[in-house]
Amino acid sequence: MITPIIDPASKIPVYTQIYKYIKKEIETGHLTFHDKLPSTRTLSAHLQVSRNTIDMAYGQLIDEGYIEARPKRGFFVCDISSNLMSIPASIPEQPQPQASTITYDYEFSPYGVDLENFPYGTWRKTMRDILYDDRNTALFEAGPRQGDMDFRQAIADYLHQSRGVSCTPEQIIVGAGVDYLLLLLSQILGRKTIFAMENPSYMKAWRILTHLDFQVVPVALDKYGMDINTLRESPANVAYITPSHHFPMGIVMPIKRRQEILAWACESDDRFIIEDDYDSEFRYKGRPIPSLQGIDTHQKVIYLGTFSKAIAPSMRISYLVLPPALLKIYRQEYSFYSNTVPRTEQKQMTEFIRQGHFQRHLNRMRNIYKSKRDYILKVLEPYSPQIQISGENSGLHLLIRFKDGRSEEELLAQAEKNRLHLFGISQYMTQMPVPKHLTSTIILGYASLTFRQLQQGMEHFIQCYF
């Protein structure tokens, strides 16, 4: 059992006190790799706090990679040393994100989500109704390998309505996280595949592919996204892009560049585009941006999505939409893989979507995140001559570039000294050095902070830098 000393009179929220305690226990070795943590129900009863409080503490630990949720088994301590991934030989100078050994007061992580406003009651009721319905006993049997048909139909309907994706349920493969789906997709595409990835980029995908010994070519960005000329000059036959909201730059790829990349893919039968629709649900200015897949008339786009950002990091449910040519290969060669998402969770998410709860949650969170973003922009407005802000119109983070010559290393050291957890742009570079226009740039995530924490955190941020 875990027994932190909780100070109810402290200004630090109770869930943060619990989170910090468990984090320290892991860092100091009192909790070690594979140790099982108490369930949220058990720990809430033990500490006499709400279960929501424990959910929020566990959620933050999952987001930072200290613990993981294993379906039907509970919460387990991760091997934090495994976060120190080895560096590909082609980019020896690449700095890697490291597991934190410092306790921060304010976590400005670009990976977090707001767990305070999650509809826990509705979520619990949805699962309770499923488990109490005797017609659902078949959910405990082995299901379709691509995922339950009802769930895939719900995903197809949602994607068509919200993202303009054109697909049938038969084209969808459900999997436990993007990690698993990339492993599966890499086999479908074959060992001769050469991937082109944006630079900077989503480093988790880069590491997965390079550690699978695929050749991955970094392609620089211009103001429209992946540079088409560099892509054409590369040997790549699969381009991995985030066109609706580039991570981490926040670039929205315009229609002309989308058409250029689609044209590139159409030049050869073995060329495809992986469209990672990362946190595309959260856009705060202008019209919604439709998916690249929706304008693809030649079946060249592989659409990759997840519920982790829209629901919670522990919701390890992601999905692939395969074009017909690759779907045929999957069914002939790789359909023997069992589905990795429990059917009860698939059913829960199906009902959450079909009953309208998911869309209502998205609409509410979009407003909450916009309020947090607006507050940051308002607070930083007096300092606009000293900084340049970008990527603020969508997603759950923004970029701040300092004009006074301080290096990224100096900026992060100042933040660490003031117990602010910030991220530098160099952590997302697939090839060094950092371009001149991105030097002295930090990434400020705001989703996981409560509004009160955000206010206090920004006060410390301003005291730290200005």
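Helices (H or I, at least four residues) and strands (E, at least two) are DSSP runs, numbered from the N terminus. This is a predicted model: local features need pLDDT of at least 70, side-chain atom pairs count only at pLDDT 80 or more, and totals for chains, interfaces and linings use all residues. Residues are numbered from 1 along each chain as its sequence is written, and side-chain values use heavy atoms, with hydrogens and water left out.

**View 1. The whole protein has 14 helices and 17 strands.** The C-alpha atoms fill a box of roughly 65 × 65 × 40 Å, taken along the principal axes. The radius of gyration is 22 Å, which agrees with the value near 23 Å for a compact globule of 466 residues. That radius is taken over C-alpha atoms, and the globule rule is 2.2 Å times the number of residues to the power 0.38.

**View 2. Of the 466 residues, 56% count as buried.** Buried means under 20% relative accessible area, exposed over 50%, and partly exposed in between (1.4 Å probe, protein chains only). The protein exposes about 20600 Å², by the Shrake-Rupley method with a 1.4 Å probe. Carbon and sulfur atoms supply 51% of that area. Take the contacts (heavy atoms within 4.5 Å) between residues at least 6 apart in sequence: 72% join residues at least 24 apart.

**View 3. Strand β14 pairs with β13 and with β17.** Two strands pair if DSSP finds at least two bridges between them. β14 spans residues 397–402, and 5 of its 6 residues are buried. β13 (residues 387–390) meets β14 in the antiparallel sense over 4 bridges. Here glutamine 388 has arginine 401 of β14 as its bridge partner. β17 (residues 441–445) is also antiparallel to β14, over 5 bridges. Leucine 398 has leucine 444 of β17 as its bridge partner. In a regular strand the side chains alternate between the two faces of the sheet.

**View 4. A hairpin links β13 and β14.** There are 6 residues between the strands. Glycine 391 takes a positive phi near 70° in this hairpin.

**View 5. An open sheet of 3 strands has the order β1-β3-β2.** The pairing is antiparallel. β1 (36–37) and β2 (67–70) are the edge strands, and each pairs on one side only. β3 covers residues 74–77, and 2 bridges join β1 to β3. Leucine 37 has phenylalanine 75 of β3 as its bridge partner.
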